[in-house]
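What follows is a guided reading of one structure, beginning with confidence and then passing from the interior to the surface. Please keep the sequence and the coordinates in view while reading.

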Amino acid sequence: MKTVLYVEDNEFNRKIVRQLLGRTSYRLIEAFDGEAGVTTARAERPDLIIMDIQLPRLSGLEATRQLKAAPETADVPIIVITSFALAGDEQKAREAGAAAYLAKPYSPRELLGMIRDLAPES
Amino acid sequence: MGSRQDERPADSTGLASRPGPGERIARVLLAYWPLGPLVRRVARLRASVHTKLLGAFLLIALLLIVMGITGLESIARVARQSRLLDQARERVDAMRQIEHALGLQMNFMRNALALRDDASIESVFRENNRFNDTFDRLEDAAPTAQRETIRAIRRTQDQVMATVVRIAALIRDDKADEAMDLHLSEGYPLYREIATLVTKAVRAEEAGMGRIREGVEATYRRALLLTGGFAAASIVLALGLGFVISWSFILPVREAEGFLGEVAKGEFGRSIAVPNRDEFGALASQMNEMSRELHQLYDEQRRAAHQLRTLNAQLEQASRAKSDFLASMSHELRTPMNAILGFTEMIRDGLYGEMPPEIQEPVSDIHTCGKQLLGLINNVLDLSKIEAGHMELAPSEYVVEDVVNTVKLSLRALAASKGLELVTAVAPDLPLCLGDGKRITQCLMNLVGNALKFTAEGRVEIRVDQEGEHLRFAVADTGIGIPADQIEHIFEEFRQADATVTRDFGGTGLGLAITKKLVELHGGRIWVESEPGKGSTFFFTIPVRVIQEAPA
C-alpha cells in the first residue's frame, strides 16, 4: 500500500484529495503547513508528496527544497501545486526539485493520473 | 582639485592651466614691471578689440612714417650740400684756370718783352680773352661773399689789360726799355695783386668747402641718430604695445579657461572677474550669466534626480507590494475555485455514485459558471500582471498550425451551437516559430471567442500568413461590426462598443485589452477593420522569432 502526503492549508482542497483517494488503495496523510509537511515526511517516509506552493510558516517551495536536501526524503517524488500567479512559478518548482507541477484549479482526474504515474498502486 | 590649485601662480591676475616657458617670463614681467597696471588700463579702455588693435597698429605705422620722412629729409639735405660742394669745386677749378691763364699771360708778356714780336702780344690778348670767359662763368656762379674779391680781380685785370695795351704800343714803337719799365712798374705789381686776390678767393672757397663737408657729416650723423632712434622707438613701441594689448586679451581668456574648467567640473561657486570693457568683458559677463543659469539648472536637476530616486524607490516598493499582492490574490482566488471546480468534476465523474438526472443540469451550470468565473479571474490577474510589469513571456519553439488547431478545437462546440461556420486558412510552409505559444494561443482564442460572440449568422475565419519577419493573424467575422467612432477605443480596458453590448453579449471587455498588450509584449501590432452590419476583421502580427528583451 502506497502512502501519499498532501500538504495543504485549505480544508476543502484536502477534502477533495481525501475523497479522490478514498476509493483507491492509497493511504493519505495530511499536513497543514510547510513545517508540518517536512516533519511528517521525515517521520512517515511517504511514497509521494503533493505540495501546495503557498503555505503558512514555510512556503511549499522552501519545504520542497528542504526535503530534496535531506538524504532520507531526497528520493520521494513531489508534485507542486502552483497558483499560476507569476511567470516563472513552474520554473521555480522545477528548480526546487519537483517531479511534476499542476496549476490551480487542477482537475482531480488529472491529479489522480499524475499520482498513479509517479507512485503506481501496488 | 587641490593639485590644480597648486599649479596656479601666486598672483591672482590669471588662472593659466598650462603655462609655457614664454608665458612664465611674461607673467614675471607683468608682476615686476609697470606693464601690469598698463595691461589692466588697456583692458579697461572702453573700445572694441578691433579698435584697440587698429589703434596700436596705426601708432606704430605713424612712427614709421615719421621715420621715413626724417630719412628722406636728411637725404635731400645731403644732396643739396653735395651740389653746393660740386659748385664750390667747379669754382675752385675755374680760379685755378684763371691762375693758370694769368701765369701764361705773364709768360707771354715776358716773351713779348724779350722778343718784341706781335705774336707774343697776340698770345697775351688771347689768354686775356680766355681769362675773361672763365671769369664770366665764375662771376655768375660766385656766392655773394666772393663777389667783392671777384670784382677786385676784374678791376685789376682791366687795369692789367690797359697797361698791356700801352706796353704793346711801346713795343710796336720799339721803345723796349720804356715798355720794360712800364711792365715792371705797373704791369707786374698788378699781376702780383691778381695772383694774391685769386689765392685769397681760392682759400675762401676751400674754407667754404670744408664747412660744407662738415655740414654733410653732421647731416649724416643726425640722419643716423634720427633713423636709429625712430627704429628703436618703433621696436620698443611695437613690442610694448604687442605685449600690453595681447596680455589684455590673454588674461581674460586664461581667466575664462580656468573658469570654464571649474564650471565643467560642476563647481559653480565662483564668478569670473575680467576688467575688460571690450568683447572679452561682454563675453565674461555672459559667461557669468551662463554659469548662474547652469548652476540653477544643475541644482534643479540634482533636486529632480533626488526626487526621482526617492520616487523610484517608492515605486519599487509599491511594485514589490503589488507583486506580492498579486501572488497572494491569485492563490487566494484560485484555492476556492479549485474546490468548486474539483467537487463539481468529481460529482460529474460519479465519484459520489450515480447522479440523479434532475441534478445533472444544475451541476453542469455550476461547472460552466465556475469556468466563466475562472476566466474572469484569469483576465483580471493577467491585466494586473501586465500593468505591474510582471507579465513575462516564456518563449519556446511552436508550430502555428498547433496554435490554430487548439483554438479551433476549443471553440468548435460554441460555433456549432450557434450554427456558425468556423474555418481556418493557414499558409503552407510557415517556419517553426519562436515565441510564447500559450500566450499567442490566448490572443487568438480571445479574438475568435469575440468573433463568435458577436456573430449571429455566417462564418468566422482564421487566416495566418507570413509577411517578411512577421506572422500575420487575421480573424474575420460576419457579425454586427464596430461603429467607426468606437474603433479607436476598442482596445481600451473595460470598453465595448456600447454599454448595452455588455448586457446583450456578456463579457468584461478585458479580452481585447489583454490581447493588445500580449501582442505588443511580443513586439507585434494589432488593429481592426470593420464595417457595421457587415462584420469585422481583427489583425495582429507577431515576429516569427521573438527576441526577448533582457529583464530590466
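The quantity pLDDT is the predictor's confidence in each residue, on a scale from 0 to 100. This is a predicted model, and its chain B averages a pLDDT of 83, with 92% of the residues scoring at least 70. Confidence is not even along the chain, however, since residues 1–16 of chain B keep a pLDDT under 50, and for this stretch the model has 21 contacts beyond four places in sequence. For the model as a whole, the scores are ipTM 0.86 and pTM 0.49.

Turning to the interior, the largest nonpolar core holds 44 residues, and those that touch the most other members are B:Val400, B:Leu444, B:Val448, B:Phe473 and B:Phe540. Helix H11 of chain B, which spans residues 437–453, gives this core its largest share, namely seven residues. The surroundings of B:Leu444 can be followed in detail: leaving aside residues up to four places away in sequence, B:Leu444 touches B:Val403, B:Val404, B:Val407, B:Ile462, B:Phe473, B:Val475 and B:Phe540. Separate from this core is a second one of 42 residues, among them B:Leu138, B:Leu197, B:Ala201 and B:Ile212.

Nonpolar residues are also found at the surface, where B:Leu62, B:Ile65 and B:Ile69 form a patch whose accessible area together is about 310 Å². B:Ile69 lies in helix H4 of chain B, which covers residues 49–115. Is B:Ile69 buried or exposed? The residue counts as exposed because its relative accessibility is 53%, and the cut-off for that class is over 50%.

Conventions: Residues are numbered from 1 along each chain as its sequence is written. Chains are lettered from A and ligands numbered from 1 in the order in which they are written. This is a predicted model: local features need pLDDT of at least 70, side-chain atom pairs count only at pLDDT 80 or more; totals for chains, interfaces and linings use all residues. Side-chain values use heavy atoms; hydrogens and water are left out. A nonpolar core is a set of buried Ala, Val, Leu, Ile, Met, Phe, Trp, Tyr and Cys residues joined through side-chain atoms within 4.5 Å. Buried means under 20% relative accessible area, exposed over 50%, partly exposed in between (1.4 Å probe, protein chains only). Helices (H or I, at least four residues) and strands (E, at least two) are DSSP runs, numbered from the N terminus. Contact means heavy atoms within 4.5 Å. Patches are made of residues with over 30% relative accessible area and no salt bridge: like charges are joined within 9 Å, nonpolar side chains (Val, Leu, Ile, Met, Phe, Trp, Tyr) within 5 Å. Accessible areas come from the Shrake-Rupley method with a 1.4 Å probe; for residues, only the protein chains shown count as cover. A salt bridge is a side-chain nitrogen of Lys or Arg within 4 Å of a carboxyl oxygen of Asp or Glu.
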